[in-house]
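Work through the exercises below with the sequence and the model open. Each task is followed by a solution in steps.

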Amino acid sequence: MAEPRRLLVVLGDQLDANAPLLHNADPARDAIWMCECAFEADKVWSHKARITLFFAAMRHFAEALRARGWTVHYRHIGEHAHNRLGEALAEDLRALKPATVAMTEAGEWDVASEVAATVDAAGLSLETREDEHFLCSRAAFADWLADRKQPRMEHFYRVMRRESGLLMEGLEPAGGRWNFDADNRASFGKDGPGALPQPVSFAPDTLTQQAIADVETHFGGHPGSLDNFDWPVTPDLAQAALADFITHRLPHFGDYQDAMWTGAPWLYHARIAAALNLKLLDPREACAAAESAWRDGHAPLNAVEGFVRQILGWREYVRGLYWARMPGYREANALEADAPLPAFYWSGDTSMNCLRETVGDTLENGYAHHIQRLMVTGLYALLLGVRPGAIHAWYLAIYVDAVEWVELPNVLGMSQWADGGVMASKPYVASGKYIQRMSNYCDGCRYRPDTATGPKACPFTTLYWDFLDRHENRFAGHPRLKMQINNLRRKGDEARTAIREAADAHRANPDAA
């Protein structure tokens, strides 16, 4: 082909065949550019399943484009000498000599800056198209945010419900309530979940097997396993994953979305976040399918509303906050936490059973559901006082669905309260009793969740009281934490001193637990 009129840059999380970038282009005159770069896998120590998911999905997307008549300049890992995306793009801009470059707006701040700088250095103009995968544009979110002194997701969510019409009966929310979260906190009890519907599995095809082999070759020392890799890597597979969830797990998703159980990583969760974040699945289709399940009588409203809220509410909200707060958001550390991340986050080698189970599942599957992330791995890091940037890097590295725009606000804002209340009104702090109530992780554990000091003390419980003690002045007047502070004050000086000493001893060597 002749020198392309436009070179269309498609990033690894922009695998949307219906993107306006492609609709407004001409395969006879324009060309696609895609690249696998080591830096994107190495900037955090990425789980091998996360790298494989990106590579496999990108390669399938490139093949689908070629089948539609597109020229795709695809740079495979190991077939070019460049570590960074900008370096590889700069070389190809010199070789291909396009008249201009176009792309969908990047999802990550650094990538957007790198591509823009590279194109500018080449003396070319960059056309940037809005990412219409999302239901709320960056500009619309900025307008909404500008009118609020204290933004809250619930307020934004109601706006999105009205604008989208999802789960609405005229001007009122379906069922007379905007939020059914209070109905979605059941645990399994002593008998456990019983027989669970296992998610549909996707055996790796030839392209995915090649991606697995390349990851083992170039990133073999990275954490995680690829023995059971079966994530959806095409739009058709993503649709199958959604249909499987709607049919088999959505009816019980609401009741048990916060529950945890040993040896059951999937429970009733959807397992479609990765497909959404790579743009293999449209969020409108996911929400519409869930709403149809409720209107058809297949799933109860509390389950469907909880699912829709995660996509229409949280997902859109954190994306808006990310772009409104970057690039400084990454440096947020309102609680002045500075402890290193314990080594067991990379191995699961700890006697704290809840952490051993959750980290073990994560290393095996590249997955843990939202309560395991928020109230086990995230809670422990918050109570221990881990530097927010360190736990952020771990989450970004270890989960297959992690992309920075969604992961960073959830971790720094909601999980670690590092932004001082921008994302969440209070820190999500709890003792080991919460984990005992929502799981069976405490059964057989050497620690007792109701004990804060002594040889059987649960580190979560010790650190919970120590967290309140360390931040007593900060939260004494907080409307949602002052009751917990008052409970701390009832303990008396001797008990509080013992808690401080126990917390200091644990903090000195958390990997010994």
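**Exercise 1. Two helix pairs**

Task: At what angle do the axes of helix α19 and helix α21 cross, and which residues make the contact?

Solution.
Step 1. Locate the helices: α19 covers residues 459-470 and α21 covers residues 482-489. Helices (H or I, at least four residues) and strands (E, at least two) are DSSP runs, numbered from the N terminus.
Step 2. Note what kind of model this is. It is predicted: local features need pLDDT of at least 70, side-chain atom pairs count only at pLDDT 80 or more, and totals for chains, interfaces and linings use all residues. Residues are numbered from 1 along each chain as its sequence is written, and side-chain values use heavy atoms, with hydrogens and water left out.
Step 3. Take the axes. They come within 10 Å and cross at roughly 100°. Axes are lines fitted to C-alpha atoms, for helices over the stretch in contact, and angles run from 0 to 180 degrees between N-to-C directions.
Step 4. Classify. The crossing makes α19 roughly perpendicular to α21 (under 35 degrees is roughly parallel, over 145 roughly antiparallel, 65 to 115 roughly perpendicular, the rest oblique).
Step 5. List the contact (heavy atoms within 4.5 Å). Tyr-464, Trp-465, Leu-468 and Asp-469 of α19 meet Gln-484, Ile-485, Asn-487 and Leu-488 of α21.
Step 6. Sort the residues: 5 are nonpolar, 2 polar and 1 charged. Here Ala, Val, Leu, Ile, Met, Phe, Trp, Tyr, Cys and Pro count as nonpolar, Asp, Glu, Lys and Arg as charged, and the others, Gly among them, as polar.

Task: How far apart are the axes of α13 and α17, and at what angle do these helices pack?

Solution.
Step 1. Helix α13 (residues 301-325) and helix α17 (residues 404-415) have axes 8 Å apart, at an angle of about 90°.
Step 2. That makes α13 roughly perpendicular to α17.
Step 3. From α13 come Trp-314, Arg-315, Val-318, Arg-319 and Tyr-322. From α17 come Glu-404, Trp-405, Val-406, Leu-408, Pro-409, Asn-410 and Met-414.
Step 4. This contact divides into 8 nonpolar, 1 polar and 3 charged residues.

**Exercise 2. The sheet**

Task: In what order do the 5 strands of the open sheet run, and is the pairing parallel or antiparallel?

Solution.
Step 1. The order is β3-β2-β1-β4-β5, with parallel pairing. Two strands pair if DSSP finds at least two bridges between them.
Step 2. Find the edges. β3 (72-75) and β5 (126-129) each pair on one side only.
Step 3. The twist averages 25° from one strand to the next.
Step 4. Check the pairs around β1. β1 and β2 share 4 bridges, and Val-9 has Trp-33 of β2 as its bridge partner. β1 and β4 also pair over 4 bridges, with Arg-6 opposite Thr-100.
Step 5. Go on to β5. Strand β4 (residues 100-104) pairs with β5 over 4 bridges, and Val-101 stands opposite Leu-126.
Step 6. Look at the faces of β1. Arg-6 and Leu-8 on one side and Leu-7 and Val-9 on the other are all buried (buried is under 20% relative accessible area, exposed over 50%, partly exposed in between; 1.4 Å probe, protein chains only).
Step 7. Add the helices. Helix α3 (residues 48-67) lies across β2 and β3, at about 160° to β3. Helix α4 (residues 85-96) lies across β1, β2, β3 and β4, at about 150° to β2.

**Exercise 3. Backbone exceptions**

Task: Where is the cis peptide bond that joins Met-326 and Pro-327, and what are the phi values of Lys-97 and Leu-267?

Solution.
Step 1. Recall the background: most residues other than glycine have a negative phi, and most peptide bonds are trans.
Step 2. The cis bond between Met-326 and Pro-327 has an omega of about 5°. Pro-327 sits in the loop between α13 and α14 (353-365).
Step 3. Lys-97 has a positive phi of about 55°. It lies in the loop between α4 and β4 and is partly exposed, at 48% relative accessibility.
Step 4. Leu-267 has a phi near 45°. Its loop runs between α10 (250-256) and α11 (273-277). Leu-267 is buried, at 3%.

**Exercise 4. The whole chain**

Task: How many helices and strands does the chain have, and what share of its residues is buried?

Solution.
Step 1. The chain has 22 helices and 7 strands.
Step 2. Of its 513 residues, 59% count as buried.
Step 3. The C-alpha trace spans about 80 × 55 × 50 Å along its principal axes.
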